[in-house]
Amino acid sequence: MIDKIYNDAKHRMDQAINHTRMELGKIRTGRANPEIFDSITVSYYGTNMPLNQVSTISVPEARLITIQPYEKNLIPVIEKAIMESKLGFMPNNNGSMILVPVPPLSEERRKELIRYVHQIVEDGRIAIRNVRRDVNQHLKTAQKEDHISEDEIRRAESEIQELTDEHIKTLNEIQVEKEKEIMEV
(Lines give C-alpha, C1' and ligand atoms only; values in the text may rest on other atoms or scores of the structure.)
Protein backbone atom coordinates (compact mmCIF):
# COMPACT_ATOMS: atom_id res chain seq x y z
CA MET A 1 0.00 0.00 0.00
CA ILE A 2 2.68 2.49 1.03
CA ASP A 3 4.89 1.47 -1.91
CA LYS A 4 2.02 2.17 -4.29
CA ILE A 5 1.52 5.63 -2.76
CA TYR A 6 5.29 6.33 -2.98
CA ASN A 7 5.47 5.24 -6.64
CA ASP A 8 2.46 7.38 -7.50
CA ALA A 9 4.07 10.39 -5.80
CA LYS A 10 7.36 9.82 -7.66
CA HIS A 11 5.52 9.57 -10.97
CA ARG A 12 3.54 12.77 -10.35
CA MET A 13 6.67 14.68 -9.25
CA ASP A 14 8.54 13.45 -12.35
CA GLN A 15 5.65 14.72 -14.47
CA ALA A 16 5.91 18.14 -12.80
CA ILE A 17 9.62 18.30 -13.69
CA ASN A 18 8.96 17.20 -17.28
CA HIS A 19 6.24 19.82 -17.64
CA THR A 20 8.59 22.52 -16.29
CA ARG A 21 11.30 21.42 -18.74
CA MET A 22 8.83 21.63 -21.63
CA GLU A 23 7.71 25.12 -20.61
CA LEU A 24 11.31 26.29 -20.26
CA GLY A 25 12.12 24.80 -23.67
CA LYS A 26 9.66 27.23 -25.25
CA ILE A 27 11.55 30.25 -23.91
CA ARG A 28 13.58 31.87 -26.63
CA THR A 29 17.21 32.40 -25.80
CA GLY A 30 19.81 33.92 -28.10
CA ARG A 31 20.29 30.50 -29.67
CA ALA A 32 18.20 28.90 -32.39
CA ASN A 33 15.94 26.15 -31.06
CA PRO A 34 13.32 24.45 -33.26
CA GLU A 35 11.12 23.72 -30.19
CA ILE A 36 10.27 27.43 -30.10
CA PHE A 37 7.77 26.80 -32.89
CA ASP A 38 6.00 23.85 -31.18
CA SER A 39 3.05 26.05 -30.20
CA ILE A 40 2.48 27.46 -33.72
CA THR A 41 -0.30 26.01 -35.87
CA VAL A 42 -1.07 26.72 -39.51
CA SER A 43 -4.20 26.22 -41.57
CA TYR A 44 -3.64 23.20 -43.83
CA TYR A 45 -6.60 22.37 -46.08
CA GLY A 46 -9.00 23.87 -43.56
CA THR A 47 -7.49 22.10 -40.53
CA ASN A 48 -5.17 23.69 -37.97
CA MET A 49 -1.99 21.61 -37.93
CA PRO A 50 1.15 22.03 -35.81
CA LEU A 51 3.94 23.65 -37.82
CA ASN A 52 6.26 20.68 -37.30
CA GLN A 53 3.71 18.36 -38.99
CA VAL A 54 3.55 20.34 -42.24
CA SER A 55 7.26 21.18 -42.52
CA THR A 56 10.79 20.21 -41.57
CA ILE A 57 12.34 22.57 -39.03
CA SER A 58 16.14 22.59 -38.76
CA VAL A 59 18.96 24.67 -37.32
CA PRO A 60 21.84 24.98 -39.81
CA GLU A 61 23.57 27.73 -37.76
CA ALA A 62 23.47 28.91 -34.13
CA ARG A 63 21.36 31.97 -35.02
CA LEU A 64 19.25 30.66 -37.92
CA ILE A 65 16.24 28.36 -38.15
CA THR A 66 15.08 27.03 -41.51
CA ILE A 67 11.56 25.81 -42.18
CA GLN A 68 11.05 23.64 -45.26
CA PRO A 69 7.29 23.23 -45.89
CA TYR A 70 6.16 19.97 -47.50
CA GLU A 71 4.15 22.09 -49.97
CA LYS A 72 5.33 25.44 -51.38
CA ASN A 73 1.85 27.02 -51.12
CA LEU A 74 2.27 26.89 -47.32
CA ILE A 75 5.18 29.38 -47.30
CA PRO A 76 3.04 32.56 -46.93
CA VAL A 77 0.73 30.83 -44.41
CA ILE A 78 3.70 29.77 -42.25
CA GLU A 79 5.31 33.23 -42.49
CA LYS A 80 2.06 34.85 -41.36
CA ALA A 81 1.65 32.37 -38.46
CA ILE A 82 5.21 33.08 -37.23
CA MET A 83 4.67 36.85 -37.35
CA GLU A 84 1.33 36.58 -35.53
CA SER A 85 2.80 34.29 -32.84
CA LYS A 86 4.37 37.24 -30.98
CA LEU A 87 7.65 35.34 -30.62
CA GLY A 88 9.47 38.35 -32.00
CA PHE A 89 10.80 36.74 -35.20
CA MET A 90 10.88 38.25 -38.70
CA PRO A 91 10.79 35.34 -41.17
CA ASN A 92 12.10 35.65 -44.75
CA ASN A 93 11.60 33.25 -47.61
CA ASN A 94 13.80 32.38 -50.56
CA GLY A 95 11.00 30.84 -52.63
CA SER A 96 11.46 27.28 -51.38
CA MET A 97 11.97 27.63 -47.62
CA ILE A 98 11.56 30.08 -44.77
CA LEU A 99 14.62 31.48 -43.04
CA VAL A 100 14.14 32.74 -39.49
CA PRO A 101 17.11 34.66 -38.09
CA VAL A 102 17.36 34.58 -34.29
CA PRO A 103 18.41 38.04 -33.09
CA PRO A 104 20.54 38.41 -29.96
CA LEU A 105 18.61 39.31 -26.81
CA SER A 106 18.76 42.78 -25.27
CA GLU A 107 19.77 43.08 -21.60
CA GLU A 108 16.23 44.15 -20.66
CA ARG A 109 14.70 41.17 -22.47
CA ARG A 110 17.15 38.80 -20.74
CA LYS A 111 16.03 40.09 -17.33
CA GLU A 112 12.36 39.64 -18.30
CA LEU A 113 13.08 36.09 -19.43
CA ILE A 114 14.88 35.28 -16.18
CA ARG A 115 11.87 36.52 -14.19
CA TYR A 116 9.66 34.32 -16.36
CA VAL A 117 11.99 31.33 -15.79
CA HIS A 118 11.74 31.92 -12.02
CA GLN A 119 7.93 31.94 -12.30
CA ILE A 120 7.82 28.70 -14.30
CA VAL A 121 10.22 26.93 -11.92
CA GLU A 122 8.27 28.18 -8.89
CA ASP A 123 5.10 26.74 -10.47
CA GLY A 124 6.96 23.42 -10.72
CA ARG A 125 7.99 23.62 -7.06
CA ILE A 126 4.39 24.34 -6.07
CA ALA A 127 3.19 21.33 -8.08
CA ILE A 128 5.73 19.10 -6.31
CA ARG A 129 4.73 20.43 -2.88
CA ASN A 130 1.07 19.85 -3.75
CA VAL A 131 1.89 16.22 -4.57
CA ARG A 132 3.65 15.91 -1.18
CA ARG A 133 0.63 17.40 0.61
CA ASP A 134 -1.79 15.07 -1.22
CA VAL A 135 0.34 12.02 -0.45
CA ASN A 136 0.71 12.91 3.23
CA GLN A 137 -3.08 13.35 3.42
CA HIS A 138 -3.50 9.99 1.71
CA LEU A 139 -1.13 8.39 4.21
CA LYS A 140 -3.16 9.79 7.15
CA THR A 141 -6.33 8.35 5.62
CA ALA A 142 -4.62 5.00 5.01
CA GLN A 143 -3.44 4.93 8.62
CA LYS A 144 -7.02 5.19 9.89
CA GLU A 145 -8.65 2.87 7.32
CA ASP A 146 -5.96 0.20 6.90
CA HIS A 147 -4.63 0.27 10.48
CA ILE A 148 -1.05 1.05 9.42
CA SER A 149 1.25 1.79 12.35
CA GLU A 150 2.38 5.31 13.16
CA ASP A 151 6.02 4.27 12.68
CA GLU A 152 5.32 3.13 9.13
CA ILE A 153 3.47 6.35 8.38
CA ARG A 154 6.35 8.45 9.77
CA ARG A 155 8.86 6.46 7.72
CA ALA A 156 6.73 6.93 4.59
CA GLU A 157 6.35 10.67 5.25
CA SER A 158 10.12 10.94 5.66
CA GLU A 159 10.66 9.10 2.33
CA ILE A 160 8.17 11.41 0.62
CA GLN A 161 10.01 14.44 2.04
CA GLU A 162 13.32 13.09 0.68
CA LEU A 163 11.67 12.56 -2.70
CA THR A 164 10.30 16.11 -2.59
CA ASP A 165 13.72 17.53 -1.71
CA GLU A 166 15.35 15.61 -4.60
CA HIS A 167 12.82 16.92 -7.10
CA ILE A 168 13.05 20.51 -5.88
CA LYS A 169 16.86 20.28 -6.09
CA THR A 170 16.50 19.10 -9.70
CA LEU A 171 14.23 22.07 -10.47
CA ASN A 172 16.78 24.46 -8.93
CA GLU A 173 19.52 22.96 -11.13
CA ILE A 174 17.31 23.32 -14.22
CA GLN A 175 16.69 26.97 -13.29
CA VAL A 176 20.41 27.73 -12.94
CA GLU A 177 21.10 26.01 -16.27
CA LYS A 178 18.39 28.01 -18.08
CA GLU A 179 19.59 31.30 -16.54
CA LYS A 180 23.14 30.61 -17.80
CA GLU A 181 21.72 29.86 -21.26
CA ILE A 182 19.77 33.15 -21.29
CA MET A 183 22.74 35.23 -20.12
CA GLU A 184 25.09 33.83 -22.78
CA VAL A 185 25.88 36.36 -25.46
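Which residues does S43 touch, not counting residues up to four places away in sequence? Keep that one in mind while we look around; we will select S43 at a later stop.

**Stop 1: the whole chain**

Start with the protein chain in cartoon view, remembering that this is a predicted model. You should find 5 helices and 6 strands. Read along the sequence, they come in the pattern α-β-β-α-β-β-α-β-β-α-α. Now turn the model along its principal axes: the C-alpha atoms fill a box of roughly 70 × 40 × 25 Å. The radius of gyration is 22 Å, whereas a compact globule of 185 residues would have one near 16 Å.

Switch on the surface next. The protein chain exposes about 11000 Å², and carbon and sulfur atoms supply 50% of that area. Of the 185 residues, 35% count as buried. If you colour by charge, you will see 26 positive and 31 negative charges, with mean positions 5 Å apart. For contacts between residues at least 6 apart in sequence, 65% join residues at least 24 apart.

**Stop 2: helix α1**

Select residues 2-25, which make up helix α1. These 24 residues reach 35 Å from the first C-alpha to the last, close to the 34 Å expected at 1.5 Å a residue. Show the side chains of I2, I5, A9, M13, A16, I17, T20, L24 and G25, the buried residues of α1. Then bring in α4 and α5, because these are what the buried residues of α1 pack against. An α-helix has 3.6 residues a turn, so residues three or four places apart point the same way.

**Stop 3: helix α4 and R125**

Move on to residues 107-146, helix α4. Its 40 residues reach 58 Å from first C-alpha to last, close to the 58 Å expected at 1.5 Å a residue. Just after α4, click on H147, which takes a positive phi of about 55°.

Back in α4, select R125. Is R125 buried or exposed? R125 counts as buried, because its relative accessibility is 12%, under the 20% cut-off. Leaving aside residues up to four places away in sequence, R125 touches I168, L171, N172 and Q175. For a distance check, draw a line from R125 to S149: they are 24 residues apart in sequence, and their C-alpha atoms are 30 Å apart in space.

**Stop 4: H167 in helix α5**

Now select residues 150-183, helix α5, and pick out H167 within that helix. H167 counts as buried, because its relative accessibility is 5%. Show everything that H167 touches beyond four places in sequence: K10, M13, D14, I17 and I128. Two of these names may look familiar from the α1 stop, where M13 and I17 were among the buried residues.

**Stop 5: the β1-β2 loop and S43**

Finally, select β1 (41-44), β2 (47-50) and the loop between them, where Y45 lies. The phi of Y45 is near 50°, a positive value in a residue other than glycine. Y45 counts as exposed, because its relative accessible area is 65%.

Step back into strand β1 to find S43. With a relative accessible area of 40%, S43 is partly exposed. Here is the answer to the opening question: S43 touches N48, L74 and V77, once residues up to four places away in sequence are set aside. As a last measurement in your viewer, join the C-alpha atoms of S43 and E71: they are 28 residues apart along the chain and separated by 13 Å.

Terms used. Residues are numbered from 1 along each chain as its sequence is written. This is a predicted model: local features need pLDDT of at least 70, side-chain atom pairs count only at pLDDT 80 or more; totals for chains, interfaces and linings use all residues. Side-chain values use heavy atoms; hydrogens and water are left out. Helices (H or I, at least four residues) and strands (E, at least two) are DSSP runs, numbered from the N terminus. The radius of gyration is taken over C-alpha atoms; the globule rule is 2.2 Å times the number of residues to the power 0.38. Buried means under 20% relative accessible area, exposed over 50%, partly exposed in between (1.4 Å probe, protein chains only). Contact means heavy atoms within 4.5 Å. Accessible areas come from the Shrake-Rupley method with a 1.4 Å probe; for residues, only the protein chains shown count as cover. Lys and Arg count as positive and Asp and Glu as negative; His and the chain ends are not counted. The place of a charge is taken as NZ of Lys, CZ of Arg, CG of Asp or CD of Glu. The expected span of a helix is 1.5 Å times one less than its number of residues.
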